[in-house]
Amino acid sequence: MSAPAHVGWLTKATKTLRANDGTLIELWELNYKPDARILSAWAKHFRNHYCEDGKIDLLRSGSLHSRAEYLLKIKFPDQHVAPGPSIRAGDFAEILIADYIEFLLGYWVPRTRYDDKTVRNESKKGSDIIGFRFQHAQKPTAADTLLIFESKAQLSGAKAKAILQQAINHSAKDEIRRAESLNAIKQRLLDRQEIDGATKVARFQNPEDNPYESRYGAAALFSSELLDDAVIGASDAAKHPHKPKLTLIVISGPKLMELVHKLYALAASEA
């Protein structure tokens, strides 16, 4: 699958930072443009994480909601009522990191996390983003890779918070949550009758008999106005149980909360 056009707006910064323990922190910039065509396609990509276009009319049937009303009132986190805005920011960050892992790092990333949400203003449990890479299409090898990323976002506020540290701390728990998170992805794929995808996930459920490489990641997404190198650099991954296999990234962009609300609005109005 070719990368969506909005992924081209994500570029690696020329500078890097080091965490307090010396771990490299990659810096990325989301330099989006007022391009109506790309933003519309991005909004559709975003919408389809929550609800496939072909299912919206079936799901809203029995209610008086239009497509836009159904999405804004039932599926999407609320724009104004807390904790809706923070859930929007967190979901946006997770989806963007999923795009980064799939289209820039080359992993297969099943998008199963949002369409079965039963409470729109709550975050889903389990590991945030999981990517799979296969050395050979026909048989498992020890060179196959499972990548588990945790992400946090701060797109508003007066000053930067230690969200990269929060992501690192959550990443340290991902080995414990791995079995449940893999089962959740597999179960959702089976619900969709995506048997081939479920089989791919199953390959990673028994590392004792079918070993593979495990890698981890922690990401922080900041609106540029809140970017603070000192706060980011104070993060510490020394206690992470898999520090040598841990990737740290920070993504920033201007007025990202405005962008998030615009994408949700477009996703609803163009459904």
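**Reasoning from values to words**

Biologist: Where is the place of Pro140?

Modeller: Pro140 sits in the loop that runs between β4 (129-133) and β5, and I should add at once that we are looking at a predicted model.

Biologist: Why does Pro140 count as partly exposed?

Modeller: The relative accessibility of Pro140 is 46%, and since buried means under 20% and exposed means over 50%, a value in between is called partly exposed. Leu190, in helix α6 (residues 174-191), is judged by the same reasoning, because its 37% also falls between those two limits.

Biologist: What does Leu190 touch, leaving out residues up to four places away in sequence?

Modeller: Leu190 touches Ile195 and Ala198. His170, in contrast, is 20 residues from Leu190 in sequence and lies 28 Å from it in space, C-alpha to C-alpha.

Biologist: Why does Gln193 count as exposed?

Modeller: Gln193 has a relative accessibility of 61%, and because the word exposed applies over 50%, Gln193 earns it. Gln193 lies in the loop between α6 and α7 (195-202).

Biologist: What is the phi of Gln193, and what makes it worth a remark?

Modeller: The phi of Gln193 is near 65°, which is positive although the residue is not glycine. Most residues other than glycine have a negative phi. Lys255, in the loop between β7 and α9, also has a positive phi without being a glycine, in its case about 45°. With a relative accessible area of 49%, Lys255 is partly exposed, because the exposed class begins only over 50%.

Biologist: Which peptide bond is cis, and how do you know that?

Modeller: The bond from Ala82 to Pro83 is cis, with its omega near 5°. Most peptide bonds are trans. Pro83 is found in the loop between α3 and α4.

Biologist: How do you know that the buried residues of α3 lie on the same side of the helix?

Modeller: The buried residues of α3, which spans residues 67-75, are Tyr70, Leu71 and Lys75. Around the helix axis they cover an arc of only 95°, and therefore they are on the same side of α3. Their cover includes α1 (36-50), α2 (56-60) and α9 (256-269).

Biologist: Why is the pair of Phe46 and Tyr50 called tilted?

Modeller: A search of the whole structure finds 15 aromatic pairs, and Phe46 and Tyr50 form one of them, with 6.1 Å from centre to centre and 55° between the planes. The distance is within the 6.5 Å limit, and the angle is neither under 30 degrees, as stacked requires, nor over 60, as edge-to-face requires, so the pair is tilted. Phe46 and Tyr50 are four residues apart in helix α1, which means that about one helical turn separates them.

Biologist: Why does Phe46 count as buried?

Modeller: Phe46 has 1% relative accessibility, and because buried means under 20%, the word applies. Tyr50, likewise with a relative accessible area of 1%, is buried too.

Biologist: What makes the pair of Phe46 and Tyr264 edge-to-face?

Modeller: The ring centres of Phe46 and Tyr264 are 4.9 Å apart, and their planes stand at 85°, so with an angle over 60 degrees the pair is edge-to-face. This pair links distant parts of the chain, since Phe46 is in helix α1 and Tyr264 is in helix α9, 218 residues apart. Phe46 and Tyr264 belong to one aromatic cluster, whose members also include Trp9, Trp42 and Phe92.

Biologist: Which residues of the largest nonpolar core touch the most other members?

Modeller: That core has 44 residues, and those touching the most other members are Leu30, Trp42, Phe92, Ile101, Phe149 and Ile251. Elements giving two or more residues to the core include β3 (24-30), α4 (84-104) and β7 (246-253).

Biologist: How do you know that the radius of gyration agrees with a compact globule?

Modeller: For 271 residues, a compact globule would have a radius of gyration near 18 Å, and the protein chain has 19 Å, so the two agree. The protein chain contains nine helices and seven strands, and 48% of its residues count as buried.

Technical notes: Residues numbered from 1 in each chain as written. Predicted model: local features only at pLDDT ≥ 70, side-chain atom pairs only at ≥ 80, totals over all residues. Heavy atoms only, no water. Buried < 20%, exposed > 50% of the residue type's maximum accessible area, 1.4 Å probe, protein only. Arc of directions from axis to C-beta. Contact = heavy atoms within 4.5 Å. Core = buried A, V, L, I, M, F, W, Y, C linked by side-chain atoms within 4.5 Å. Rg over C-alpha atoms; globule rule 2.2 N^0.38 Å. Phe/Tyr/Trp six-rings, centres within 6.5 Å; stacked < 30°, edge-to-face > 60°.
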